[in-house]
Amino acid sequence: MTNLENLPLRPDLAGQVPYGAPQIDVPIRLNVNENTHGISEQVALRIVERIAEAALTLNRYPDREFMELRGMLAEFLGEGLTPEQIWAANGSNEVLQQFFQAFGGPEATALSFDPTYSMYPNISRNTLTPYVSVPREEGFVLTPDFVRTEISKRKPSIVILCGPNNPTGTALSLETVEAAYESFDGMLLIDEAYQEFADGPSALTLLSDRPRLVISRTMSKAFAFAGARVGYMAADPAVVDAMRIVRLPYHLSALTQAAAMAALETSAELLRSVDQIKVQRERIIAGVRKLGLSPYPSEANFVLVDGFENPKEIFEELIGKGIIVRDVGIPGCLRITAGTEAETTRLLGELALLLD
Ligand SMILES: *Cc1c(COP(=O)(O)O)cnc(C)c1O
């Protein structure tokens, strides 16, 4: 046995620690923006059927290009997309990593606007891509003018915009996406992990004639499919070709492909909880405001709540009550996932008692 200091680790990884929210076994888990409504038995059975079929072929490598799944994803997204414009991987984090492997690297620079998804700097680090973060405007918004100015000034090779933004819930307008695209000649990735909960339109509507635009999505949030690990993207077929160069051969297992196709076949059922989750999101916003806290507007399945005198203490006390939320490191704030109606009721009840 040894420890990491004694191994010839890549010098830029010295002192780094693995990323991940605490996985604590409490009854109410509102910390990683999962869909807490779960999967119906009917959907589970369809998944099992598809997986049983795939199991009979496991002696062979899976379809490396997973064209059947890509066809179903194209159809699901609509907008006239073709399978050649779709790519998928084990979670959208892997899509992002492949994107950075293809378009990043030591000669590139990636830019994003903080606070945003904390995996972006990690993926940059892992792919040896220098990363620059620019603080967002007041209220965490991103206006077209601001984004235009910052991108033109810094001339990055990759820009990532998260819309709706994690961890703030802030919407991203198409005007801002267009302004970003026109401000540089590198690759623009829009991370739409939460788009199914948004009121505004998807950046998918901007894809045609924008070969440097990439839209990533995930089945981990609205689809209630986090455990299956399926993320995907839509872009110009040439971008997909770049992803195919860096992907490991057969990266998407036959079982994952089967499960994802079953989920797409039953997507109406799986996505049924989205409206209910949005109702709970608005209940959290109204409820915490009544407690004297300051929630930010959200178009995602979570709410960033400001105004805690001691968020770390509240975080710990909530765990004691069987509820876990997320301390995202923004002063005075906690991020709370919108779960089921019963979970919201418990959360608001316990918060009222703790803040009393
Ligand atoms: C949850 C999340 C993802 C999804 O990650 P998966 O690897 O697909 O589970 C991507 N981007 C953001 C901003 C997220 O919050």
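1. A residue is called buried when its relative accessible area is under 20%, exposed when it is over 50%, and partly exposed in between (1.4 Å probe, protein chains only). The structure is a predicted model, in which local features need pLDDT of at least 70, side-chain atom pairs count only at pLDDT 80 or more, and totals for chains, interfaces and linings use all residues. Residues are numbered from 1 along each chain as its sequence is written, and side-chain values use heavy atoms, with hydrogens and water left out.

2. Helix α12 (helices are DSSP runs of H or I with at least four residues, strands are runs of E with at least two, numbered from the N terminus) has E343, T344, L347, L348, E350 and L351 as its buried residues. Seen down the axis of α12, these fall within an arc of 170 degrees (taken from the directions from the axis to the C-beta atoms), so they line one face of the helix. The face turned away from that buried side carries the exposed residues A342 and L353.

3. The buried residues of α12 pack against β1 (28–29), α10 (273–290), α11 (311–320), β11 (323–324) and β12 (334–337); contact here means heavy atoms within 4.5 Å.

4. G332 lies in the loop between β11 and β12. This glycine counts as buried because its relative accessibility is 14%. Not counting residues up to four places away in sequence, G332 touches V305, D306, G307, F308 and P311. The C-alpha atoms of G332 and S173 are separated by 27 Å, and the two residues are 159 apart along the chain.

5. L7 lies in the segment before β1. With a relative accessibility of 44%, L7 counts as partly exposed.
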